[in-house]
Amino acid sequence: GFSAAIPSANSFFAYIVGNNFEFLILNISLPSFFTMAESQFIIRLNGLPVGNHQYEFEINDSFFETRDYSEVHGGKFYIKLELLKQNSLIQLNFTIDGMADVACDRCTKPYQVEIAAYEEMFLKFGNPDEEHPENVLVLPHGENDLDISQPLYELISLALPLRKVPCEEDETFECDEATLKKLNDISTDFPEQNSGNSIWDKLKD
């Protein structure tokens, strides 16, 4: 048999290899009322046999559209998930590769940064509100659907460089001088201790 993840309304491709190494490609256009969390990022645990299960996903800009205040504005990513199910343990090994659309910390000019991340996580059943290690996902007892969309988002965000100023590493990248000048002009009008959101509000004018 094989394990299947349901694709989204974006005709998203899910490639799944099951225990018998059968290969299934799903490319189904679902109605618009199916959200991403209800589709390709849900893994059905009910009836999943003990063993090794391989999942592959491709995500794009639409993954980030509903996430407010995200540092990642879009991009294209390929995710491989190895799910190891044992009698009393489920291990999730994520491999993420892709390009993230972000903004320069200095001038807000958009650019792309390469993302390469690997993370081992574990799944347990219990109370999600209780404290648990960062590499542990918790599902309530009786829940059989594992939504991996939020862990994926967090892994991509954590893989971003702490300092996003591409002109310091790439001589061909030129900062947006007009925006830099406007920022510098605004900073002289507002004391640092009162800057808060005022600088950004004025920048939008």
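**A tour of cysteines and salt bridges**

Select Cys 175 to begin: this residue is buried, with a relative accessible area of 11%. Please bear in mind throughout that the model is predicted.

**The cysteines**

With Cys 175 still displayed, one may ask how many disulfides a search of the whole structure finds. The count is zero. Turn next to Cys 104, which takes part in no disulfide; the nearest cysteine sulfur to it belongs to Cys 107 and lies 3.9 Å away. Cys 104 has a relative accessibility of 3% and therefore counts as buried, the limit for that class being under 20%. Now return to Cys 175 and add Cys 167 to the selection: the sulfur of Cys 167 is the nearest cysteine sulfur to Cys 175, at 3.7 Å, and Cys 175 is in no disulfide. A disulfide requires the two sulfur atoms to be within 2.5 Å, so neither separation qualifies.

**From strand 4 to strand 5**

The tour now moves to charged side chains. Side chains of opposite charge can pair when their charged atoms come close. Six salt bridges are found in a search of the whole structure. Select Lys 76 and Glu 58, whose side chains form one with an N to O distance of 3.3 Å. Lys 76 belongs to strand 5 (residues 74–85) and Glu 58 to strand 4 (residues 51–59); the two residues are 18 residues apart, and the pair links distant parts of the chain. Lys 76 is partly exposed, at a relative accessible area of 42%.

**A bridge between two loops**

Select Lys 164 and Glu 71 next. Their side chains meet in a salt bridge, at 2.5 Å from N to O. Which parts of the chain does this pair tie together? Lys 164 is in the loop between helix 1 (149–158) and helix 2 (177–189), whereas Glu 71 is in the loop between strand 4 and strand 5, so the salt bridge joins parts that are 93 residues apart in sequence. Colour the two by accessibility: Lys 164 is buried, with a relative accessible area of 4%, while Glu 71 is partly exposed, with 44%. Add Asp 105 to the selection to display a network of salt bridges that links Glu 71, Asp 105 and Lys 164.

**Last stop**

Finally, select Glu 168 together with Arg 163. The side chains of these two residues form a salt bridge, with 2.6 Å between N and O. Glu 168 is partly exposed, its relative accessible area being 46%.

How values were computed:
Residues numbered from 1 in each chain as written. Predicted model: local features only at pLDDT ≥ 70, side-chain atom pairs only at ≥ 80, totals over all residues. Heavy atoms only, no water. Buried < 20%, exposed > 50% of the residue type's maximum accessible area, 1.4 Å probe, protein only. Salt bridge = Lys/Arg side-chain N within 4 Å of Asp/Glu carboxyl O. Helix = DSSP H or I, 4+ residues; strand = E, 2+ residues; numbered from the N terminus.
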